[in-house]
Amino acid sequence: MAELGSKGVTAGKIASNVQKKLTRAQEKVLQKLGKADETKDEQFEQCVQNFNKQLSEGTRLQKDLRTYLASVKAMHEASKKLTECLQEVYEPDWPGRDDTNKIAENNDLLWTDFHQKLVDQALLTMDTYLGQFPDIKSRIAKRGRKLVDYDSARHHFEALQTAKKKDETKIAKAEEELVKAQKVFEEMNIDLQEELPSLWNSRVGFYVNTFQSIAGLEENFHKEMSKLNQNLHDVLLGLDKQYSGNAFPIKAQPRKKTKLFARLRKKMSSDSTPAKANKSPSPPPDGSPITSPETKTVNHELEPSTLEAPGASIPKSPSQPTEAAHAGAEAAGSEAAAGAEASKTEGDSGSSSLPAVVVETFPATVNGTVEGGASSERADMPPGFLFKVQAMHDYTATDSDELQLKAGDVVLVIPFENPEEQDEGWLMGVKESDWIQHKELDQCRGVFPENFTERVQ
């Protein structure tokens, strides 16, 4: 007991506190069971609900403000790294180097000042605002306990008064305890009844001041940062003018060499004397369409199964190297003339002469699928037409199978005959002007980088 007394706590005080807790617990149980009435104050309960809501909103605002400050700090570090990178790559002989260093320094100072002012004018104010809530919350809880004590003392006094055998001494003592409990409760209740509504109404002014401060700081920050950005823009504009001839070029996506064109170039390089182009055969008497033997050779490889027939030889495409090409231009011309004459005289007799074979084995195809004729395609577009694109930049072809583009050129996009030969980022097409003029795919089509164009239809 001596040890407890030295700390300002006596056994009697401890026993009194324990007894109060037991009495309160018993009173709450009786109230929940409906065996004892409970003093209600709806107005105060509404004030408590507002208080809890205000505390919840303030806590969330404080959390979000700290997150915002962390983001500002992260942006400061990122901006600092970016300007340091600019300083490192800015070569000494470039104009505006000193201006660039000064801009980077001011940029760092501006971020630092912005962050510090947010802490002083927003975060610290937020912390002060929330600092009053714990004490009030504790007083609300204490008021609740004193209300239970008051109800318990009231019920005890009423019970003694209504008892059959009255004890005036106990009644007097109970009345004294009731008056004391009521006084303590009402003092706390009156203070909170005045303080809670005032605190609830203060939230409007606090939110206004807080967000006005943040908005004003942001406005000034971005205004000053805009000036720095304009200065940096002017410095870099001067650098661009001095080195305008070294503008960064737009590059096409790296392209693999397709197997088709690689094979064609290999065959063509082995032929030292190219043959003259054969003339197209004359149309047959019945007026049916006929495909020139010069066409369908660049993007086709003839499959033996499509040409072989009983008793007929397999002619080679005139555009590929053949033995006739080595014989000279005259032999090639004679062969073409003979083929054309045969197509006129034999007609539908099943002749295996070159033009007839070309007609039968070279139908228009799109990705290997035989088309049904002009009725299945738009008459003014190439077979398999997909959509139109327009060149946004000039493109210089680097290979014989590529299209040379000028900004503004319109290209009709068509599918690759073999989808496996299409490289990522490249399209197959024919310039609209070439198609209108020649109506020939083999002589005009080619591949081009997609990122140099935009779709227009």
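R139 has a relative accessibility of 22%, so R139 counts as partly exposed. The model described here is predicted. A search of the whole structure finds eleven salt bridges, and R139 takes part in one with D135 and in another with E195. The same kind of search over the whole structure finds zero disulfides. The points below cover these salt bridges, one helix pair, a run of paired strands and two cysteines.

**The network around R139**

- D135 and R139 form a salt bridge in which the closest N and O atoms are 3.6 Å apart.
- Both D135 and R139 belong to helix α5, which spans residues 133–161. They are four residues apart there, about one turn of the helix.
- D135 counts as partly exposed because its relative accessibility is 45%, a value that lies between the 20% limit for buried and the 50% limit for exposed.
- R139 also forms a salt bridge with E195, and here the closest N and O atoms are 2.7 Å apart.
- E195 lies in helix α6 whereas R139 lies in helix α5, so this pair ties together parts that are 56 residues apart in sequence.
- E195 has a relative accessibility of 28% and therefore counts as partly exposed.
- Through salt bridges that share partners, D135, R139 and E195 are joined into one network.

**A salt bridge within helix α4**

- K117 forms a salt bridge with D113, with 3.3 Å between the closest N and O atoms.
- K117 and D113 are four residues apart in helix α4, so about one helical turn separates them.
- K117 is partly exposed, because its relative accessible area is 34%.
- D113 also counts as partly exposed, because its relative accessibility is 37%.

**Packing of helices α4 and α6**

- Two packed helices are described by the angle between their axes and the distance between the axes.
- Helix α4 covers residues 97–130 and helix α6 covers residues 168–242; they pack at an angle of about 175 degrees, and their axes are 10 Å apart.
- Angles over 145 degrees count as roughly antiparallel, and α4 and α6 are therefore roughly antiparallel to each other.
- The residues of the contact between α4 and α6 divide into 17 nonpolar, eight polar and five charged.

**Strand β5 and its partners**

- Strand β5 runs over residues 426–431 and is mostly covered, with six of its six residues buried.
- Both faces of β5 are covered. On one side W426, M428 and V430 are buried, and on the other side L427, G429 and K431 are buried.
- Strand β4, residues 410–414, pairs with β5 in the antiparallel sense over four bridges.
- One of the residue pairs involving β5 is V411 with K431, its bridge partner in β5.
- Strand β6, residues 446–449, is joined to β5 by four bridges, and the two strands run antiparallel.
- W426 has P449 as its bridge partner in β6.
- W426 and K431, named in these bridges, are both among the buried residues of β5.

**Cysteines**

- C85 counts as partly exposed because its relative accessibility is 40%.
- C444 has a relative accessibility of 9% and therefore counts as buried.
- Zero disulfides are found in a search of the whole structure.

Definitions and conventions: Residues are numbered from 1 along each chain as its sequence is written. This is a predicted model: local features need pLDDT of at least 70, side-chain atom pairs count only at pLDDT 80 or more; totals for chains, interfaces and linings use all residues. Side-chain values use heavy atoms; hydrogens and water are left out. Axes are lines fitted to C-alpha atoms, for helices over the stretch in contact, and angles run from 0 to 180 degrees between N-to-C directions. Angles under 35 degrees count as roughly parallel, over 145 as roughly antiparallel, 65 to 115 as roughly perpendicular and the rest as oblique. Ala, Val, Leu, Ile, Met, Phe, Trp, Tyr, Cys and Pro count as nonpolar, Asp, Glu, Lys and Arg as charged, and the others, Gly among them, as polar. A disulfide is a pair of cysteine sulfur atoms within 2.5 Å. Buried means under 20% relative accessible area, exposed over 50%, partly exposed in between (1.4 Å probe, protein chains only). Two strands pair if DSSP finds at least two bridges between them. A salt bridge is a side-chain nitrogen of Lys or Arg within 4 Å of a carboxyl oxygen of Asp or Glu.
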